[in-house]
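Visitor: I would like a close look at a single part of this model, one strand and what surrounds it, taken slowly and with the cut-offs spelled out. Please carry on from there to whatever else helps me read the surroundings.

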Amino acid sequence: MDGPGGRAAGGTGRTVGADGTPRDARHGGGGGGGGGGEAAAVRAVARRLGLPGLLDVHTHFMPDRVLRKVWAYFDGVEDLTGVAWPITYREEEDRRVDLLRRFGVLRFTSMVYPHKAGMARWLNDWAAGFATRVPECLCTGTLYPEDGVGRYVTEHLARGARVFKVHLQVGDFDPNDPLLDPAWGALADARVPVVVHCGSGPTPGAHTGPGPVGRLLARYPRLRLVVAHMGMPEYADFLDLAERYDEVRLDTTMVFTDFSERLAPFPRQEHGRLLALGDRVLLGSDFPNIPYGYLHQLEALERLGLGDDWLRGVLHGNAAALFADAGTGADPGTGADPGTGAAGTGTAGTGMDSQGIHRNA
Ligand SMILES: [Zn+2]
């Protein structure tokens with residue numbers, strides 16, 4: 001779940017959560033905090049499945065002052081929701097990158113999102129720089145309904161953006177705003193996935209829920225829309241959309257964890273559809289802004305009991321196929337040589353994807 005960026009409330013300064021635990025308590029399996037034991041346990045999950053590592057489509061890296069506002073929001077969120085949200089990985093940026101490397105996360109993202117006009121282009125510039133510094137990070141973009149959005153999205157795609165993030169609750173805009181049509185068109189043509197926070201969790205927004213995004217997909221049925229948090233709490237409605245549109249995917253971010261099961265449990269009767277749509281479910285974690293350890297997300301997926309083939313797809317195979325197919329055609333999943341073309345360093349210049357379709361046309 002994402003904090004509302006720059007509009008964040010300040011932290012309360014209190015050090016004890018509602019249940020009496022210290023705010024910096026490290027929850028979840030493995031203890032959190034990134035100790036050597038935790039890293040080994042995370043790596044063991046991939047190793048047991050015969051995977052080279054993990055692909056995590058939903059992680060947050062952002063300009064430092066923006067991230068600190070997000071963290072301040074989570075520090076104060078208990079006053080809004082009654083549930084404490086102790087950030088497990090409140091670390092400096094280089095330490096957070098090092099943690100993902102030690103977890104064996106081969107590719108990840110830097111999900112950025114604006115809450116007002118005039119911010120998205122700056123965030124995209126930052127994300128391009130970050131992906132150059134950190135080659136395992138897929139160059140990430142974002143957008144906002146404003147003049148010039150079609151142009152800056154097209155430019156960001158041309159310099160190698162591999163994934164976008166849109167936050168309809170924090171941004172508080174209708175995805176069908178006509179200003180956005182050139183941007184959606186460019187993303188659909190480029191076949192670059194866009195992770196959209198469109199569910200009504202943790203609190204509904206004017207444009208969240210399956211309606212607005214459903215209308216968007218009716219207009220752009222080939223848009224590679226990834227439903228963040230599997231659409232929590234409207235899971236069934238977003239599974240409907242995934243059944244209707246072949247290019248819709250869902251990320252697992254925070255879903256099935258003890259934390260989310262208390263607030264918005266995933267319905268057991270939907271496990272069949274989860275299995276049937278298994279090739280369109282992607283690992284997402286919300287690292288570092290999670291109130292439990294990274295391992296717990298993996299345990300939460302394993303304990304669904306949907307089988308090792310399902311897990312292999314979710315933890316690695318589905319994202320490897322998605323990102324190999326979009327953009328430069330470089331395989332983001334081998335882990336053999338991070339940095340060769342997957343990081344948005346201008347390698348998108350060929351303009352062709354694996355289908356031979358001209359990108360950014
Ligand atoms: Zn997030």
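Guide: Strand E6 (residues 194–197) is covered on both of its faces, with Val 194 and Val 196 buried on one side and Val 195 and His 197 buried on the other. In a regular strand the side chains alternate between the two faces of the sheet. A residue is called buried here if 20 or more other C-beta atoms lie within 10 Å of its own, exposed if 12 or fewer do, and partly exposed in between, with the C-beta atoms placed from the backbone. Strands and helices are DSSP runs numbered from the N terminus, a strand (E) having at least two residues and a helix (H or I) at least four.

This is a predicted model, in which local features need pLDDT of at least 70 and side-chain atom pairs count only at pLDDT 80 or more, while totals for chains, interfaces and linings use all residues. Residues are numbered from 1 along each chain as its sequence is written.

E6 has strand partners that can be named. Strand E5 (residues 163–167) runs parallel to E6 and is joined to it by four bridges, and His 167 has His 197 of E6 as its bridge partner. E6 also pairs in the parallel sense with strand E7 (residues 225–227), over three bridges, where Val 194 is matched with Leu 225 of E7. Pairing of two strands requires that DSSP finds at least two bridges between them.

Helix H8 (residues 210–219) also belongs to this picture, since Pro 210, Pro 212, Val 213, Leu 216 and Leu 217 are buried in it. The buried residues of H8 pack against E6 and E7, as well as against helix H6 (168–171), helix H7 (181–190) and helix H9 (235–244), contact being counted when the C-beta atoms of two residues, placed from the backbone, lie within 7 Å.

Following the chain onward from E7, one comes to the loop between E7 and H9, where His 229 lies. Its phi is near 55°, a positive value in a residue other than glycine, and His 229 counts as buried because 28 other C-beta atoms lie within 10 Å. Pro 233 lies in the loop between E7 and H9 too, and a cis peptide bond, with omega about 0°, joins Met 232 to Pro 233.

A loop with comparable entries lies between strand E9 (281–282) and helix H12, and Asp 286 has its place there. Phi of Asp 286 is near 70°, again positive in a residue other than glycine, and Asp 286 counts as buried because it has 23 C-beta neighbours inside 10 Å. Pro 288 is in the loop between E9 and H12 as well, and the peptide bond joining Phe 287 and Pro 288 is cis, with omega about 5°.

Helix H12 (residues 294–302) packs with helix H1 (residues 36–48) at an angle of about 30°, their axes being 9 Å apart. That angle makes H1 roughly parallel to H12, a term used for angles under 35 degrees. The contact is made by Glu 38, Ala 41, Val 42 and Val 45 of H1 together with Tyr 294, Leu 295 and Leu 298 of H12.

Beyond H12, Arg 303 sits in the loop leading to helix H13 (308–325), and Arg 303 counts as exposed because it has 9 C-beta neighbours inside 10 Å.

Conventions. Axes are lines fitted to C-alpha atoms, for helices over the stretch in contact, and angles run from 0 to 180 degrees between N-to-C directions. Angles under 35 degrees count as roughly parallel, over 145 as roughly antiparallel, 65 to 115 as roughly perpendicular and the rest as oblique.
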